[in-house]
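Here are a few exercises to work through with the model open beside you. Try each task before you read its solution.

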Amino acid sequence: MDFLTPFQYEFFTRGIIAAILVGGTCGLIGVYIVLRGMSYIGHGMSHAVFGGAVVSYVIGFNYYVGAAIWGFLSALLINEISRRRKIKADAAIGVVTTAGFAIGVLFITAAQSFHRNFEAILFGNILGIMDQDLYVIILVSIFTVIFVFFFQKRLLFVLFDKETARVYGVRTEILEIVFALILALVVIASMNSIGVTLLATAIVAPAISARMLTNNFLRMIIFSSLIGITIAFLGMYSSFFFDTASGSTIVLFGAGAFGISSLYAFIRKAYHSHTHGSVKHTHPHLHTDQHLHKH
Amino acid sequence: MGHGSLHEKGDMPSHDLDDGVENLLTIRDLTFGYMPHNPVLEGINLDIPKGRFLGLLGPSGSGKSTLLKIIIGLHRPWQGYIKFCSNEFNYTKSFNSTSSSLGSYLVNPIKNSISTPFSLIGYVPQIESVDWNFPVTVMEVVGMGIWNRSGVYPWFGRRTRENVQRVLASLGIADYAKRQIRELSGGEQQRVFLARALIGNPQILVLDEPTSGVDYNTREKIFGILTDLNLKGMTIILTTHDISGLGKRLPWLVCINKSIISQGPPNEALTQQNLLKTYGLATDKDDPVGKMGDSLSISTKINSPEKGLDATTHEDKER
């Protein structure tokens, strides 16, 4: 079989462009989510957005706009509940987003029949991507990259030391609102290709894989985006040959990337670990005859 | 700046400030609390002239860290007046406290707390307040201090990198720029935070428990650095619970417990009566300054185990 065969099909070419863009964007935004300690929000947001998408479709509102508003409001609600400190963010995410998902399911079961295939939103159907979906993905990807590029210093400051960032004039509340909006947009752009039930891994897996590979923030962003692109390409490409669901295949490649990077980190640590008397420690050094390293 | 110039006990910077020295910070009748009708601070009046090296001293839950956070703009007072350089802020009575709520930032998206001119302040939080495993370098952390003056690109330009290098060199950690912060010791972490605070050339340096959780040598190094900075004209405000190790060596102390109990040089501020009011403890009669800190520690442990002089305060928990 010719390895270029899939590219003869327009739907595949369109699908793989969408997958690469979604993979890269999820990888990029995932770094900020993972380092913020809110990995679960990707899972939650995707579920919440499903409710918004179904409700908008039922009431005849624009599918993308409705889902975006719903996702944005869910993110604001999560931020606000977790800010109160009595309830932790993960609990707030669990309730708010699952409730959103439940509303979507309720509408589907109540109305019984739809023209639109909501299975694609749940589990992803990257080969069914239309031109309109691709335009949304391209726009959201560009918007996300621009946002991260110009707000990188503020985002980093807030992630590392939010309180001091406020003292130094970073408008943390506004930044969090804008970030929530971007996340909602990324989730919406990705849900047709990966599916809301699988999206969390596409957001988190590249970032945690990159974290295992480097301790440098900028490198982590680059690695995470590249891992996102790679797993999207490989997942999409192999799904064609193995005739599997593209979303699931991409997500499994993501899990595989995390497994490989964890193994690499384990081996690297074992290689650089050594003992001095009863003290065992790990840091980069050369395993030469002289066992060169600096403390 | 000689970071290594350790200052012996009793070697303290000058506090001979002229009466005519202008106030950098003026606070009048300030009240604040985290819960309505339950103020943590009440009727606070404080003048801080340029060049003062001042320590806020008090037990757990006394409001010293809260006052510090009002000064740096993290909390909005219920009422009172604050003048910082030429910027004046008046607060009428309201129970809108602590951090911004959804409603408040939708109504006023610009700022909810006091609009402290942040470029004039260098802030050093407690080193325990951040995750030191976070994947950033010393250069990136110090550069955060001038995030708004280092270009719009995600990376630092040559001028910023030189600035960072200059500040690091002045604190004796010139070689640390490319190091990951997870590789640093407690004292080095504190110096990195100091570098971040100093890089913007602030007029006032604010430190929250700078010697909390550090060993004796590190504490002495930090005190030495702060003393050198003060001798060069920097105004410094810090909070501390450590009377004997740091508090009594500062040129000016403010004893605080909900309101200001006393202030002045240690031998005036730390009288038996003032300490009794501040800590609510029995103390040695003949030793208002010398061994007071030690005896306080002992008395505290005996008399009030739940209200010790440890770094973990009510305010820490609030944070």
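## Exercise 1: Chain B at a glance

Take the contacts in chain B between residues at least 6 apart in sequence: 69% of them join residues at least 24 apart. Keep in mind that this is a predicted model.

Task: find how many helices and strands chain B has, and what share of its residues is buried.

Solution.
- Step 1. Run through the secondary structure: chain B has 10 helices and 10 strands.
- Step 2. Now the burial: of the 319 residues in chain B, 57% are buried.
- Step 3. Finish with the surface. Chain B has an accessible surface of about 13400 Å², and carbon and sulfur atoms account for 48% of that.

## Exercise 2: Where the chains meet

Task: describe the contact between chain B and chain A by its residues, its buried area and its salt bridges.

Solution.
- Step 1. Count the residues: chain B puts in 44 and chain A puts in 33.
- Step 2. Go on to the area. The size of an interface is often given as the accessible area lost when the parts come together. Here about 3700 Å² is buried between chain B and chain A, with 61% of it from carbon and sulfur atoms.
- Step 3. Look for charged pairs: 2 salt bridges are counted between chain B and chain A, while the whole structure has 13 over all chains.
- Step 4. Put names to them. B:Lys69 meets A:Glu163 in a salt bridge at 2.9 Å, N to O. A:Asp161 and B:Arg196 also pair through their side chains, at 2.7 Å, N to O. This pair crosses from the loop between α6 and α7 (162-167) of chain A, which holds A:Asp161, to helix α5 (residues 186-198) of chain B, which holds B:Arg196.
- Step 5. Check the cover: A:Asp161 and B:Arg196 are both buried.

## Exercise 3: A charged network in chain B

Task: start at B:Glu220 and work out which residues its salt bridges join into one network.

Solution.
- Step 1. Recall the principle: side chains of opposite charge can pair when their charged atoms come close.
- Step 2. Try the sequence neighbour. B:Glu220 and B:Arg219 meet in a salt bridge at 3.4 Å, N to O.
- Step 3. Look further off. B:Arg249 also forms a salt bridge with B:Glu220, and here the closest N and O atoms are 2.8 Å apart. The two sit 29 residues apart, with B:Arg249 in the loop between β8 (235-240) and β9 (252-257) of chain B and B:Glu220 in helix α6 (residues 216-231) of chain B.
- Step 4. Follow the shared partners: B:Arg219, B:Glu220, B:Asp242 and B:Arg249 end up in one network.
- Step 5. Test for burial, with the cut-off at under 20% relative accessible area. B:Glu220 has 5%, so it is buried. B:Arg219 has 14%, so it is buried as well. B:Arg249 is buried too.

## Exercise 4: Core and surface patch

Task: say which residues touch the most other members of the largest nonpolar core, then find a nonpolar patch on the surface.

Solution.
- Step 1. The core has 168 residues, and those touching the most other members are A:Phe217, B:Leu67, B:Leu205 and B:Leu226. Helix α1 (residues 10-35) of chain A gives the largest share, 13 residues.
- Step 2. Zoom in on A:Phe217. Leaving out residues up to four places away in sequence, its contacts include A:Tyr32, A:Leu156, B:Phe134 and B:Pro135.
- Step 3. Turn to the outside. A nonpolar patch of about 810 Å² draws on both chains, with A:Ile146, A:Phe150, B:Tyr153 and B:Trp155 among its residues.
- Step 4. Place one of them: A:Ile146 belongs to helix α6 (residues 131-160) of chain A. Its relative accessibility is 42%, so it counts as partly exposed.

## Exercise 5: Two positive phi angles

Task: compare the settings of B:Glu209 and B:Lys258: buried or partly exposed?

Solution.
- Step 1. Most residues other than glycine have a negative phi, and most peptide bonds are trans.
- Step 2. B:Glu209 has a positive phi of about 45°, and B:Lys258 has one of about 75°.
- Step 3. B:Glu209 is in the loop between β7 (204-208) and α6 of chain B, whereas B:Lys258 is in the loop between β9 and β10 (259-264) of chain B.
- Step 4. With 2% relative accessibility, B:Glu209 is buried; B:Lys258, at 35%, is partly exposed.
- Step 5. Add a partner from elsewhere in the chain: the C-alpha atoms of B:Ser65 and B:Glu209 are separated by 8.5 Å, though the residues are 144 apart along the chain. B:Ser65 is in helix α1 (residues 64-71) of chain B.

Notes: Residues are numbered from 1 along each chain as its sequence is written. Chains are lettered from A and ligands numbered from 1 in the order in which they are written. This is a predicted model: local features need pLDDT of at least 70, side-chain atom pairs count only at pLDDT 80 or more; totals for chains, interfaces and linings use all residues. Side-chain values use heavy atoms; hydrogens and water are left out. Patches are made of residues with over 30% relative accessible area and no salt bridge: like charges are joined within 9 Å, nonpolar side chains (Val, Leu, Ile, Met, Phe, Trp, Tyr) within 5 Å. Accessible areas come from the Shrake-Rupley method with a 1.4 Å probe; for residues, only the protein chains shown count as cover. A salt bridge is a side-chain nitrogen of Lys or Arg within 4 Å of a carboxyl oxygen of Asp or Glu. Helices (H or I, at least four residues) and strands (E, at least two) are DSSP runs, numbered from the N terminus. Buried means under 20% relative accessible area, exposed over 50%, partly exposed in between (1.4 Å probe, protein chains only). A nonpolar core is a set of buried Ala, Val, Leu, Ile, Met, Phe, Trp, Tyr and Cys residues joined through side-chain atoms within 4.5 Å. Contact means heavy atoms within 4.5 Å. Buried area is the accessible area (1.4 Å probe) that two parts lose on being put together, summed over both.
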